[in-house]
Amino acid sequence: MIPLSAKEPLAEGVTDGERPRHVAIIMDGNGRWAKQRFLPRLAGHRQGVETVRKITRAARALGIEVLTLYAFSSENWRRPEEEVSDLMGLLKHFIRTDLNDLVRDNVRLRVIGNYRRFGPDIVALVDDALRRTAANTGPVLVIALNYGAQAELAEAAKLLAAKARDGEIDPDTIDEAVFGEALQTSELPPLDLLIRTSGEHRLSNFLLWQAAYAELLFVDTLWPDFDEQALKDAVQQFARRQRRFGGL
């Protein structure tokens with residue numbers, strides 16, 4: 001991890017902690033934010049996209065190496081067709097308007113989940129964004145699209161089972177490290193901090209394996225109201241926690 005003093009100062013008296021390398025966020029509360037203001041749900045999602053922009057910049061300023069955002073879960077297909085269509089439109093708009101900034105800021109984009117289930121126009125945009133940022137060497141922005149952790153685990157199991165069947169690996173050598181390498185996050189540093197906004201206290205099928213020893217933080221703030229200071233506060237809390245990983 002990066003010592004707190006190496007980047008932007010976080011808080012007075014926080015000198016012995018460490019900032020997280022990898023932070024993941026379940027961005028929850030767009031609909032409730034809109035409802036509180038008597039606005040359509042789309043207005044909440046639009047404001048949520050603005051928050052994504054603010055938080056990705058703030059994460060870079062705080063020295064966070066990897067930011068993973070839960071943008072569209074495999075369960076979100078159950079939402080009304082009109083809302084799903086609105087979300088797809090916002091995704092396309094975000095890629096088109098923000099890709100040049102990601103390239104300029106040396107951010108590498110990664111996607112986890114089966115985004116190829118989306119329409120061909122979105123698939124083409126995502127593929128182009130991944131290609132254009134592939135050589136970047138700075139912070140990593142991971143977007144979870146049509147992602148579900150249980151499906152990810154099942155796919156990893158099938159992959160290892162096929163390799164064992166074909167004689168590529170000995171089943172007796174499959175341990176936590178080998179299994180982890182079969183996951184979509186295998187090239188990323190371990191997850192340090194997982195934040196969920198809006199006051200809900202569940203993981204909702206997000207990074208279940210990766211969160212085994214992550215610090216969990218549930219905040220009442222709705223995602224559109226989650227700002228730079230809220231992220232800084234979360235990192236401060238992480239820095240003060242004692243992580244023992246089962247030891248003393």
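Two strands are said to pair if DSSP finds at least two bridges between them. With that meaning in mind, one can read the sheet of this predicted model, in which six strands form an open sheet in the order β5-β6-β4-β3-β7-β8, with parallel pairing. The edge strands of this sheet are β5 (108-112) and β8, each of which pairs on one side only. Neighbouring strands of the sheet are turned against each other by 20° on average, when direction is ignored.

**Strand β7 and its partners**

Strand β7 (residues 193-196) pairs with β3 (residues 22-26), and the two run parallel, joined by four bridges. Four bridges also join β7 to strand β8 (residues 215-218), and these two strands run parallel as well. The residue L193 can be followed in both directions across the sheet, since V23 has L193 as its bridge partner in β7, while E215 in β8 stands opposite L193. Both faces of β7 are covered, with L193 and I195 buried on one side and L194 and R196 buried on the other.

**Helices beside the strands**

The helix α4 lies across β5 and β6, and its direction makes an angle of about 140° with that of β5.

Helix α5 (residues 149-165) contains 17 residues, and the distance from its first C-alpha to its last is 24 Å, close to the 24 Å expected at 1.5 Å a residue. Its buried residues are A149, E152, A156 and L160. Seen down the axis of α5, these buried residues fall within an arc of 65°, so they line one face of the helix. A general rule helps in reading such a pattern: an α-helix has 3.6 residues a turn, so residues three or four places apart point the same way. Among the elements that cover the buried residues of α5 are β6 (140-147) and α6 (176-181). The face of α5 turned away from its buried side carries Q150, K158 and R165, which are exposed. After α5 comes G167, a residue with a positive phi near 75°.

**Residues in the loops**

Two residues that are not glycines also have a positive phi, namely F38 and N205. The loop that holds F38 lies between α1 (30-36) and α2 (41-61), whereas the loop that holds N205 lies between β7 and β8. Their values are set side by side below.

| Residue | Phi | Relative accessibility | State |
|---|---|---|---|
| F38 | about 55° | 77% | exposed |
| N205 | about 65° | 13% | buried |

The reasoning behind the last column rests on cut-offs: a residue counts as buried under 20% relative accessible area and as exposed over 50%. F38, at 77%, therefore counts as exposed, and N205, at 13%, therefore counts as buried.

Another loop residue to examine is N136, which is placed between α4 (120-133) and β6. N136 has a relative accessible area of 13% and is therefore buried. A polar atom of the N136 side chain lies 2.6 Å from the backbone oxygen of V107. If neighbours within four places in sequence are left aside, the residues in contact with N136 are L102, V103, N106, V107 and R108. V107 thus appears in both descriptions of N136, as a residue in contact with N136 and as the one whose backbone oxygen lies 2.6 Å from a polar side-chain atom of N136.

Conventions
Residues numbered from 1 in each chain as written. Predicted model: local features only at pLDDT ≥ 70, side-chain atom pairs only at ≥ 80, totals over all residues. Heavy atoms only, no water. Expected span 1.5 Å × (residues − 1). Buried < 20%, exposed > 50% of the residue type's maximum accessible area, 1.4 Å probe, protein only. Arc of directions from axis to C-beta. Contact = heavy atoms within 4.5 Å. Polar contact = N/O pair within 3.5 Å; in protein donor to acceptor, adjacent residues only side chain to side chain. Axes fitted to C-alpha atoms, helices over the stretch in contact; angles between N-to-C directions.
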